[in-house]
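Here is a set of short exercises for getting to know a protein model. Keep the structure open beside you, try each task, and then read the worked solution.

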Amino acid sequence: MPIATLDTSQHGGLPQSSELLFAAKQAKGLSFERIAQHLGRTEVGAAALFYGQSQATDEDVERLSSLLEVPRDKLAESLAGSGFPDRGRTVPMPPRDPLIYRLYEVVQNYGYAYKAVLNEKFGDGIMSGVSFSTRVDKETDKDGNDWAVITMRGKWLPFSRF
């Protein structure tokens, strides 16, 4: 299976740590699945570190350093230079990448249906994107067709009455 690499021409707003992390990932031929296992995170959680969309803990830095064979101090400095994660600038709107656009399209097509069902089940509120986890799984049906299964789990935040 091929591994995800970084084409910096497609990503203008990434932190400097992204290039270092992706270069080491590519040199070692590691998948996000393998990296996630080593970090004790989900694949999406591990990938978010590489795109600067999640903040690395000291333990993440230590484990990434050993797995990717990048000097710990160099990795820590690169990640620290990123500051707090900037989660909103990596994808232009609407997205141009076909896969990311299809995820956006799901929300365009079914957003109000999700909202109605969630409101009926939980009341007036929103699903958190901060107290949140997600995972990606692969299913193969009886005909041999592959299906992407994306699970999103967010804490329910009821709107306050004021």
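The exercises below go from the whole chain down to single residues of this predicted model.

**Exercise 1. The overall layout**

Task: Find how many helices and strands the protein has, and in what order they run.

Solution:
- Step 1. Count the elements: the protein has six helices and two strands.
- Step 2. Walk along the chain from the N terminus, and you meet the order α-α-α-α-α-α-β-β.
- Step 3. Now look at the extent: the C-alpha atoms fill a box of roughly 50 × 50 × 30 Å along the principal axes.
- Step 4. Turn to burial: 23% of the 162 residues count as buried.
- Step 5. Finish with the surface: the protein exposes about 11700 Å², and carbon and sulfur atoms supply 53% of that area.

**Exercise 2. The two sides of a helix**

Task: Work out which residues of helix α5 are buried, which are exposed, and what the buried ones pack against.

Solution:
- Step 1. Locate α5, which covers residues 72-80, and pick out its buried residues: Leu75, Ser78 and Leu79.
- Step 2. Look down the axis: these residues cover an arc of only 95°, so they sit on the same side of α5.
- Step 3. Check the other side of α5, where Asp73, Glu77 and Ala80 are exposed.
- Step 4. Ask what lies against the buried residues of α5: they pack against α1 (16-28) and α4 (58-68).

**Exercise 3. A buried lysine**

Task: Describe the surroundings of Lys25 and find the nearest side chain of opposite charge.

Solution:
- Step 1. Place the residue: Lys25 belongs to helix α1.
- Step 2. Look for a partner: Lys25 is buried but has no salt bridge, and the nearest side chain of opposite charge, Glu43, is 9.4 Å away.
- Step 3. Compare that with the cut-off, which asks for a side-chain nitrogen within 4 Å of a carboxyl oxygen.
- Step 4. List the contacts, leaving aside neighbours within four places in sequence: among them are Ile3, Ala4, Leu30, Phe32, Ile35, Phe50 and Leu68.

**Exercise 4. Salt bridges**

Task: Which residue pairs with Arg102 in a salt bridge, and where do the two lie?

Solution:
- Step 1. Start with the idea: side chains of opposite charge can pair when their charged atoms come close.
- Step 2. Find the partner: the side chain of Arg102 meets that of Glu105, with 3.2 Å from N to O.
- Step 3. Place the pair: both residues lie in helix α6, three residues apart, which is about one turn of the helix.
- Step 4. Check accessibility: Arg102 is partly exposed at 48%, and Glu105 is partly exposed at 25%.
- Step 5. Set this pair in context: the whole structure holds eight salt bridges, including one between Lys138 and Asp146 at 3.7 Å, N to O.

**Exercise 5. A nonpolar patch**

Task: Find which elements each supply at least two residues of the nonpolar patch on the surface.

Solution:
- Step 1. Mark the members of the patch: Val44, Leu99, Ile100, Leu103, Met127, Phe132, Val136, Ile150 and Met152.
- Step 2. Note their joint accessible area, about 760 Å².
- Step 3. Assign them to elements: α6 (98-122), β1 (125-140) and β2 (146-158) each supply at least two.
- Step 4. Take one member as an example: Leu99 is in helix α6 and is exposed, with a relative accessible area of 58%.
- Step 5. For contrast, try another leucine: Leu14, in the segment before α1, is buried at 18% relative accessible area.

Technical notes: Residues are numbered from 1 along each chain as its sequence is written. This is a predicted model: local features need pLDDT of at least 70, side-chain atom pairs count only at pLDDT 80 or more; totals for chains, interfaces and linings use all residues. Side-chain values use heavy atoms; hydrogens and water are left out. Buried means under 20% relative accessible area, exposed over 50%, partly exposed in between (1.4 Å probe, protein chains only). Helices (H or I, at least four residues) and strands (E, at least two) are DSSP runs, numbered from the N terminus. The arc is that of the directions from the helix axis to the C-beta atoms. Contact means heavy atoms within 4.5 Å. Lys and Arg count as positive and Asp and Glu as negative; His and the chain ends are not counted. Patches are made of residues with over 30% relative accessible area and no salt bridge: like charges are joined within 9 Å, nonpolar side chains (Val, Leu, Ile, Met, Phe, Trp, Tyr) within 5 Å. Accessible areas come from the Shrake-Rupley method with a 1.4 Å probe; for residues, only the protein chains shown count as cover.
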